[in-house]
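Let's take a walk through this protein together, one region at a time. Keep the structure open beside you as you read.

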Amino acid sequence: MAYMPMLRNAWYAAGWSDEVEAGKLFARKFLNENVVLYRTPDNGMAALQDRCPHRFAPLSYGKLDGGVIECCYHGLCYDSSGACVSNPHGRLPGKTVKTYPVQEKHKLIWIWMGDAKADPAAIPDLSYLDDAPATAFNKGYLNPKCNYFMLVENIMDLSHVDFLHPNTLAAGGVREVNGKKVGTITGAKQTVEEDGAAVTIEWALSDSLPLAIERKHPGLAPSGLIDRRSIVRWDPAGAMTLKIISLPKGCAADEAFVAYNTHLMTPETDTKLHYFFANARSFAQDDVALNEAIRKLREMVFVTEDMWVCEAAQDRIGSENFWDLRPIVLPTDVGAVRVRRKLEAMIADEAAQAATKKIDANVAAE
Ligand code: FES
Ligand SMILES: [Fe+2]
């Protein structure tokens, strides 16, 4: 077994805010651990390991009353700190349920699965989702069967668009303009930059045709030739924004159509992920029908094209280590490889710190 280890000390998207309803328990697995989420009476959010420390029944099968969960099996009750606050069979056991830092921000719930101190300021900045009116914001959730990092690489390397999405996201084949091949993402100018822990890759295309999907659905982008910048930002470990700036030929910069596409990948297990996607836009912000069309199109493209190929590739990789397979590395992989290397270094650093802590604890115990 050599699945890519998971970075624990990071904020992961746990759910859309409206998925966790007041008075209800919400179960979801993150990084191979079962978690139960719920809203507390003081408008806070609680996240506990979804396992009663008595005989290990899922706490999410229990009853929620005033911020306290009563276990379905033998009735022990736990509050949001994980403490047992009621035992119908005798005195209170000292053993507590593990809890996780949790925050609500940018219409999402964020969870921290690691042992290091969780700083809410480190939650990736998706404030464009807060700024978007309801009619220019749409979202979804899918649960693909592959390692979460395959989806990170999918978004980091947009060179797949011309081949995997010829009838949807591609700009309609290679064309020659002034002796140059333009109009598709293949051959687009790439720029990779680092910003602290984040990595950004930009694909710049001039004189691009509208995408296949834009030709079928007028209103998604300007018509005619477009200068298009597709800027992907990755924040560890699975938060990505693809900002697309489409500027009609000859127009001023402030006439550009700007779309923000959010892609949040949270590992559920080694071979399954929670994929939260959203879209916000600067144009036609009152167009409810366009909003729903964008949501449907994105989901359709993702399910029938990206998710399908990532799941199939996962099947071919099995549990083999990525680098042991000696993959071909193309110039277009530069952003994805940079992200992989960065994440591997963070995971190694996290493992080294955990090992040092263990040694210190052993020395202290002697
Ligand atoms: S398993 Fe929860 S009280 Fe027994
Ligand atoms: Fe894709």
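A good place to begin is the lining of the largest cavity, whose residues divide by class into 23 nonpolar, ten polar and five charged. Please bear in mind throughout that this is a predicted model. The cavity itself holds about 720 Å³ of space. Of the 38 residues that line this cavity, Leu169, Leu211, Leu242, Ile244 and Asn261 are the closest to its centre. Several elements contribute at least two residues each to this lining: the helices α2, α3, α4 (212–216) and α5, and the strands β16 (226–235), β17 (239–248), β18 (257–269) and β19 (272–281). Helix α5 gives the largest share, with six residues.

How many cavities of 30 Å³ or more does a search of the whole structure find? There are two. The second largest has about 40 Å³ of space, and its walls are made by Trp11, Tyr12, Ala13, Trp110, Gly238, Ala239, Leu264, Met265 and Thr266. Strand β1 (11–16) supplies at least two of these residues, and so does β18. By class, seven of the lining residues are nonpolar and two are polar, with no charged residue. You have now met β18 twice, since this strand also provides at least two residues to the lining of the largest cavity.

From the cavities we can turn to the pockets. The largest pocket contains about 940 Å³ of space. Its lining is made of 34 residues, and those nearest its centre are Met150, Glu153, Ile317, Phe322 and Arg340. Here, α2, α5 and α6 (334–365) each bring at least two residues to the lining. Once again α5 makes the largest contribution, with six residues. The class count for this lining is 20 nonpolar, seven polar and seven charged residues.

The second largest pocket has a volume of about 310 Å³. To find it, look for Leu7, Arg8 and Asn9, then Gly114, Asp115 and Ala116, and finally Met346, Asp349, Glu350, Gln353, Ala354 and Lys357, which together line this pocket. Among these lining residues, four are nonpolar, three polar and five charged.

Next comes the metal site. Which residues hold the iron ion (ligand 2) through donor atoms? His160 and His165 each offer NE2, while Asp306 offers OD, and these donors lie 1.9 to 2.1 Å from the iron ion. Written along the sequence, the spacing of the donor residues is H-x4-H-x140-D. His160 sits in the loop between α2 (148–156) and α3 (161–164), whereas Asp306 belongs to helix α5 (residues 288–317), so this pair ties together parts that are 146 residues apart in sequence. Both His160 and Asp306 are buried.

Now find Tyr38, which is part of strand β3 (residues 33–39). Is Tyr38 buried or exposed? Tyr38 counts as buried because its relative accessibility is 0%, and the cut-off for buried is under 20%. A polar atom of the Tyr38 side chain lies 3.4 Å from the backbone nitrogen of Ser80. For a sense of distance across the model, compare Tyr38 with Ala212: these residues are 174 apart in sequence, and their C-alpha atoms are 43 Å apart in space.

Let's finish with some strands. One open sheet has four strands in the order β5-β6-β7-β8, with antiparallel pairing. Its edge strands, β5 (63–65) and β8 (84–86), each pair on one side only. Between β5 and strand β6 (residues 68–70), which run antiparallel, there are three bridges. Within this pair, Lys63 stands opposite Glu70 in β6. As a reminder, the strands of a sheet pair through backbone hydrogen bonds, in either a parallel or an antiparallel way.

Another antiparallel pair is formed by strand β14 (residues 189–195) and strand β15 (residues 198–208), joined by seven bridges. Here you can see Gln190 opposite Trp203 in β15. Two residues lie between the strands in this hairpin of β14 and β15, where Gly196 takes a positive phi near 65°.

Definitions and conventions. Residues numbered from 1 in each chain as written. Chains lettered and ligands numbered in written order. Predicted model: local features only at pLDDT ≥ 70, side-chain atom pairs only at ≥ 80, totals over all residues. Heavy atoms only, no water. Donors = N, O, S within 2.8 Å, 3.2 Å for Na, K, Ca; no water. Buried < 20%, exposed > 50% of the residue type's maximum accessible area, 1.4 Å probe, protein only. 1 Å grid on protein atoms, 1.4 Å probe; cavity = no way out; pocket = protein on both sides within 12 Å on 5 of 7 lines; lining within 4 Å. Points joined across faces, edges and corners; volume = space filled by probe spheres on them. Nonpolar A, V, L, I, M, F, W, Y, C, P; charged D, E, K, R; others polar. Polar contact = N/O pair within 3.5 Å; in protein donor to acceptor, adjacent residues only side chain to side chain. Pairing = 2+ DSSP bridges.
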